[in-house]
Amino acid sequence: MATLTMVQAIARTLAEEMSRDERVVVLGEDVGKRGGVFLATEGLLERFGPDRVIDTPLSEAAIIGAAVGMAAHGLRPVAEIQFADYIFPGFDQLATQAAKLRYRSGGQFTAPMVVRMPSGGGVRGGHHHSQSPEAHFAHTAGLKVVVVSTPYDAKGLLKAAIRDDDPVVFLEPKRLYRATREEVPDDDYVVPIGKAAVRREGTDLTIIGYGTSMPEVLKAGDELAKAGISAEILDLRSLVPWDIEAVMRSVAKTGRVVLVADAPRLSGVLGEIAATIAEELFDQMLAPPVRVAGFDTPYPYAQDKLYLPTVTRILNAAKQVLEY
Amino acid sequence: MTSTVDGRSPGLALPKSELLEMYRRMVLIRRFEEAAAEQYALGKIAGFLHLYIGEEAVAVGAIHAMDERDHLVTHYRDHGYALALGLDPGRCMAELFGKSTGLVGGRGGSMHFADASKNFWGGYAIVSGHLPIAVGLGLASQYLDERRVAVAIFGDGATNAGPFHESMNLAALWKLPVLFLCENNLYGMGTAVEHASAVREMARKACAYDIPAERVDGQDVLAVYEATRAALEHCRSGKGPFFLEALTYRFRGHSMADPEMYRSKEEIEEYRRQRDPIVLFRNRLTQEGKAEAAEFDEIDREIDEVVAAAVRFADESPDPDPETVTDYVYAEPVRVS
């Protein structure tokens, strides 16, 4: 058992999966000699060689599209998009090709591939290095979408993603890459896609979060506990499919829910979850769901910390649902 | 430019049965497309329909040169390629009708034909968006040491879009077995090449990536066959990609909804009269004493029946079961909302 940061866990997992299955190849900008801009692919080139760890030009469309072709033809490519913000030049390949290949061919072709992307804010990256674009992917049928928040999950979910028979968008909150360390087992475990984690059990309200915002969500839970309020905290981990059962079970118990993410509020994943809760549990709700999200603005450089859901904003939302 | 006009055409040495099969497939495409236009007018085919009439020699010549293990990825004007590959005309027509017996169960329609058994990865309707997939197939072929070539078909319009250039660069950089086959039919929808591309000869764009290129008379099926054969040899031998530009012309509008205000009736008439690939090939085979009128007529009659049967099959086939609309989104059914 090793104590690892999230980015170390990812690099180890890629190496483990490449050792296990020679169909697994890694490609992207600076993933080879440089070891990835965040070092998520460090050491892979030396170990597996340039045929399997492929440095590409700055060509997001060709990176994703080539991964589709490789995946369709039996390989298991793991493409890295250097920042999630860079997906837009390659978005056509993801949304038009990867997502639809199985459907358009009536099940004849598949694209079992992973697109890893460092996402989210909190690193003063400005407009083009801070976004959380998960809603774009979630809105595209055919893609699975994962957002990790711990080193342990990063390993287990990355293994699940690489072994999945569908294209998986794997979002890695860059702010959390080295934020904490935790013990990551050496064994070959998988965290299934589509299962939320209950980070804290409680009875008074449910707080649902994922990705970059999870540290604030957990701190808010601690603060509430000090005030004698029992919050149940769910880390979604997967957004497509999201764990409807776990969410409904928790909210049916507490009757109150706060939803937290560092993405724009409009048409976001939180809105979808809130709507589903309202449709399914309206009679059992003690208060309307409340969202704590980023702003409906481009990502602001100077107000980076303001944009992220803070502990204070989460506590205010908790107060709102508790006092309704 | 490769052409048989100057008299050299090694393709003529092909066995007579192969030559007549090429003729047969060109006629099949022509009659199939004419029938599709009729069925569209009758309301049996919905949405958007782009006919391949006039360009038959490109698909038939290229596919005749391909190995059956080679990959094919095409633009949305894809019926001709499916038929040239030998896919069942009934299932092709059923796909146009949106029937459950279509190539992909009626999910795709005109622009999204595909068939795994022929390594036909399908028609794609985002212009130039399919080219990176061909690069990936080429990369997989190289990685698996299979010596299969990925053949990418696209029009002149695609060469102005970003993914084309990304794909050319990657294929050349990594010496991938990818054949870029550009059908230059002189118009991207309603915009003439000279108004859309800074370079009129598409093949010249290949030099930016050090990819060898050739232009070929796309109305001459033997010329296309020969040029494709040589290009595939180049790709298969590990020398990297090749760029082939077939000069062709579509005799019908871009789609069924095209009033064709951007080109003159005289121009269209001239191509139809002088440059019809089927007439040119038939005349050529006749002159060379390869076949007689009765043999061509017999093929024409047979194709009329095949196409009529294809329309009947499509018409009589059942619609897809509404229950299947959510099939094949994911490997296993998943509740997402």
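How many residues apart are B:Glu21 and B:Arg25 in helix H1 of chain B? They sit 4 residues apart, about one turn of the helix. Keep in mind that this is a predicted model.

**View 1. B:Glu21 pairs with B:Arg25 inside helix H1 of chain B.** The two side chains meet in a salt bridge, with N and O at 2.7 Å. B:Arg25 counts as partly exposed, since its relative accessibility is 23%, and B:Glu21 is partly exposed too, with a relative accessible area of 23%.

**View 2. B:Glu21 also meets B:Arg24 in a salt bridge.** Here the N to O distance is 3.3 Å. Both residues belong to helix H1, which covers residues 16–41 of chain B. They are 3 residues apart, which again comes to about one turn of the helix.

**View 3. B:Arg24 forms a salt bridge with B:Glu302.** The closest N and O atoms of this pair are 2.7 Å apart. This one links distant parts of the chain: B:Arg24 is in helix H1, while B:Glu302 is in helix H11 (residues 293–316), 278 residues apart. B:Glu302 is partly exposed, with a relative accessible area of 30%.

**View 4. Over in chain A, a set of residues is linked in a network of salt bridges.** On the acidic side, look for A:Glu16, A:Glu17 and A:Asp188. The basic members are A:Arg20, A:Lys155, A:Lys159 and A:Arg163. As a reminder, side chains of opposite charge can pair when their charged atoms come close. For the wider picture, the structure holds 45 salt bridges over all chains.

Key. Residues numbered from 1 in each chain as written. Chains lettered and ligands numbered in written order. Predicted model: local features only at pLDDT ≥ 70, side-chain atom pairs only at ≥ 80, totals over all residues. Heavy atoms only, no water. Salt bridge = Lys/Arg side-chain N within 4 Å of Asp/Glu carboxyl O. Helix = DSSP H or I, 4+ residues; strand = E, 2+ residues; numbered from the N terminus. Buried < 20%, exposed > 50% of the residue type's maximum accessible area, 1.4 Å probe, protein only.
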